[in-house]
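Reader: I'd like a close look at the aromatic rings in this one. Could you walk me through them?

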Amino acid sequence: PQPSPARTRSVVARPKLFMGQANCSNGSEPLPGDFKAGDIVYYGAASQLLPSGDSLVFGAKGEIAGPSLVQDGSDEERVAVLFPGNASPVACYTKALSEKPPCEELNAGFRVGEMLVYTGPDIETPEGDKLSMGTRCEVVGPGLTDRPSSAAVLFAGHSGPVVTAALARPEDLQLCPSLFKAECFETLVAQPEEKVSVN
């Protein structure tokens with residue numbers, strides 16, 4: 001499904017980083033989400049490169065290594081997961097993990113890895129990344145659950161993925177050029193848990 005030319009509310013947000021330290025566990029201590037050390041899980045949130053050089057990749061299979069030790073007040077919502085190719089376990093929110101691989105077709109009708117075009121107004125994220133109407137981006141994961149038409153996308157040269165619903169397939173823009181009219185979109189720039197209007 002594509003955004004209609006009628007007024008569409010889109011969200012542009014940064015997914016939370018899931019990085020942190022971990023302890024290896026002996027498997028006897030309870031972990032958030034009823035996980036235990038050694039459980040095999042799949043990552044179902046937006047792909048992202050972490051400052052450590054490790055990465056989180058949508059659909060990646062990993063092994064629960066123990067508790068999260070980020071010590072930011074959210075460790076009770078995360079577990080440490082070791083993914084192939086990463087130097088150490090990464091603290092991931094349990095809601096981003098599942099026992100089965102996630103579906104690559106997202107609620108918005110897009111597929112992870114698909115190249116899209118940003119159709120919202122020109123804006124700047126709080127991190128200083130600029131989004132310009134007509135810029136191509138890659139789908140790297142699902143959007144916000146309360147915005148089923150959104151998807152997490154990565155723009156070339158940006159510091160991380162953003163979540164937005166102001167997206168279209170290049171071939172659809174040829175059929176409906178009115179998608180490029182910025183006044184059709186109300187755009188927000190915020191962390192998923194805080195929504196701030198941008199004019």
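Which ring does the charged end of Arg78 sit over, and how many Å from its centre?

Author: Some ground rules to start. This is a predicted model, so local features need pLDDT of at least 70 and side-chain atom pairs count only at pLDDT 80 or more, while totals for chains, interfaces and linings use all residues. Residues are numbered from 1 along each chain as its sequence is written, and side-chain values use heavy atoms, with hydrogens and water left out.

Now your ring: Arg78 puts its charged end over Tyr93, 5.1 Å from the ring centre. Lys95 lies over the face of Tyr93 too, at 5.9 Å from the ring centre. (A charge sits over a ring if NZ of Lys or CZ of Arg is within 6 Å of the ring centre and within 35 degrees of the ring normal.)

As for ring-on-ring pairs, rings of Phe, Tyr and Trp (its six-membered ring) pair if their centres lie within 6.5 Å, with planes under 30 degrees apart called stacked, over 60 edge-to-face and the rest tilted. That rule gives two aromatic pairs. Tyr43 meets Phe83 edge-to-face, 6.2 Å centre to centre with 75 degrees between the planes. Tyr43 is in strand β2 (residues 40-43) and Phe83 in the loop between β6 (78-82) and β7 (90-93), so this pair ties together parts 40 residues apart in sequence; strands here are DSSP runs (E, at least two residues), numbered from the N terminus. Both Tyr43 and Phe83 are buried, meaning under 20% relative accessible area (1.4 Å probe, protein chains only).

Tyr118 and Phe155 are also edge-to-face, at 6.0 Å centre to centre and 85 degrees between the planes. Tyr118 is buried, and so is Phe155.

Notes
Helix = DSSP H or I, 4+ residues; strand = E, 2+ residues; numbered from the N terminus. Buried < 20%, exposed > 50% of the residue type's maximum accessible area, 1.4 Å probe, protein only.
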